[in-house]
Amino acid sequence: MKKKLLDGYSKMREDIAISKDKHLRKIWLFVREEMDNLPKDRFLDDIEYRILKSLEETYSITSAAARKLYGIKAERLKDGEIEELLYSKDGKTLRDRLETHYDNAQDRANATQYFQNRIVLVMDTETLTVSNSIIHSKVNKDAKFAEVVGGANCWEENGGDCEYWISKGKMPIEELSELPPYHPDCECGVIYYFE
């Protein structure tokens, strides 16, 4: 059972990565061409819009995977639903984070570094947040157990959240009080058990 869940989760992550990379290519072209040409607000509006479009596709891929893995009927995306699912551990909105990166990025003078060091990090974190939140919101009423599975980088995370949650193994779902991502660029995910 666990192998089937891990394989399905892995396939979902691959599909999401392909989708995210497609959107990141479009964002990169935009950043490269418009970073110096548009006023800050317009530039950030466009980046935010493009990230949200990518996250809508993440929602669709995750919903389809949840249906296959857990037999959950996929629902249509409601207006504003993506914004409600975004990373919130820092108390900032997506726009706040983009603005902070824009204002504080010493490497903004180089479009490639700005894109690689800032935009990709935001996209990775938001994509994982949306994907994990969707599945959790759909299964947490019926699932009995959950297990946090981590990526290679997550065991080394300095704050210890990843290691803590991964080391708990299969736990009653009530004990999972915090969903990944536990830090920017976190790779942790959650699998659920119904019996």
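Strands here are DSSP runs of E at least two residues long, and helices are runs of H or I of at least four, both numbered from the N terminus. With that in hand, Pro 181 is easy to place: it's found in the loop between β2 and β3. Keep in mind throughout that this is a predicted model.

**The whole chain**

The chain has 6 helices and 3 strands. Read from the N terminus, the elements go α-α-α-α-α-β-α-β-β. The radius of gyration is 17 Å, close to the 16 Å that the globule rule gives for 195 residues, so the chain is as compact as a globular protein of that length. If you'd rather think in box dimensions, the C-alpha trace spans about 55 × 35 × 25 Å along its principal axes.

How much of the chain is buried? Buried residues make up 48% of the 195. The chain exposes about 10,500 Å², and carbon and sulfur atoms supply 46% of that area. As for contacts with a separation of 6 or more, 73% of them come from residues 24 or more positions apart.

**The sheet**

The 3 strands form an open sheet in the order β2-β1-β3, with antiparallel pairing. Its edge strands are β2 (171-172) and β3 (189-193), each of which pairs on one side only. Strand β1 (residues 145-149) is joined to β3 by 5 bridges, while β1 and β2 pair over 2 bridges, also in the antiparallel sense.

To follow the register by eye, here are some of the facing residues:

| Residue in β1 | Opposite residue | Strand of the opposite residue |
|---|---|---|
| Phe 145 | Tyr 193 | β3 |
| Ala 146 | Tyr 192 | β3 |
| Val 149 | Gly 189 | β3 |
| Phe 145 | Pro 172 | β2 |

Phe 145 is a handy place to start in the viewer: its bridge partner in β3 is Tyr 193, and in β2 it stands opposite Pro 172.

Now for cover. In β1, 4 of the 5 residues are buried; in β3, 5 of 5 are. In a regular strand the side chains alternate between the two faces of the sheet. For β3, both faces are covered: Gly 189, Ile 191 and Tyr 193 are buried on one side, and Val 190 and Tyr 192 are buried on the other. So β3 pairs on one side only as an edge strand, yet counts as mostly covered, with 5 of its 5 residues buried. Helix α1 (residues 2-34) lies across β1 and β3, running at about 140° to β3.

**Around the cis peptide**

Back to Pro 181. The peptide bond leading into Pro 181 from Pro 180 is cis, with omega near 10°. Which residues does Lys 89 contact around here? Setting aside neighbours within four places in sequence, Lys 89 is in contact with Glu 178, Leu 179, Pro 180, Pro 181 and Tyr 182. Lys 89 itself lies in the loop between α3 (81-85) and α4. Its relative accessible area is 40%, which falls between the 20% limit for buried and the 50% limit for exposed, so Lys 89 is partly exposed. For a sense of scale, Lys 89 and Asp 142 are 53 residues apart in sequence and 26 Å apart in space, C-alpha to C-alpha.

Pro 181 is also touched by Thr 129, whose contacts beyond four places in sequence are Leu 85, Leu 86, Tyr 87 and Pro 181. Thr 129 lies in helix α5 (residues 111-139). Is Thr 129 buried or exposed? Its relative accessible area is 5%, and the cut-off for buried is under 20%, so Thr 129 is buried.

**Arg 97**

Tyr 87 turns up again as a contact of Arg 97, together with Asp 90, Lys 92 and Glu 126, again not counting residues up to four places away in sequence. Arg 97 has its place in helix α4 (residues 94-104). Why does an arginine like Arg 97 count as buried? Because its relative accessibility is 9%, and anything under 20% qualifies. The side chain of Arg 97 also reaches the backbone oxygen of Lys 92, at 2.8 Å.

Methods
Residues numbered from 1 in each chain as written. Predicted model: local features only at pLDDT ≥ 70, side-chain atom pairs only at ≥ 80, totals over all residues. Heavy atoms only, no water. Buried < 20%, exposed > 50% of the residue type's maximum accessible area, 1.4 Å probe, protein only. Polar contact = N/O pair within 3.5 Å; in protein donor to acceptor, adjacent residues only side chain to side chain. Contact = heavy atoms within 4.5 Å. Pairing = 2+ DSSP bridges. Axes fitted to C-alpha atoms, helices over the stretch in contact; angles between N-to-C directions. Rg over C-alpha atoms; globule rule 2.2 N^0.38 Å. Areas by Shrake-Rupley, 256 points an atom, 1.4 Å probe, with all protein chains shown as cover.
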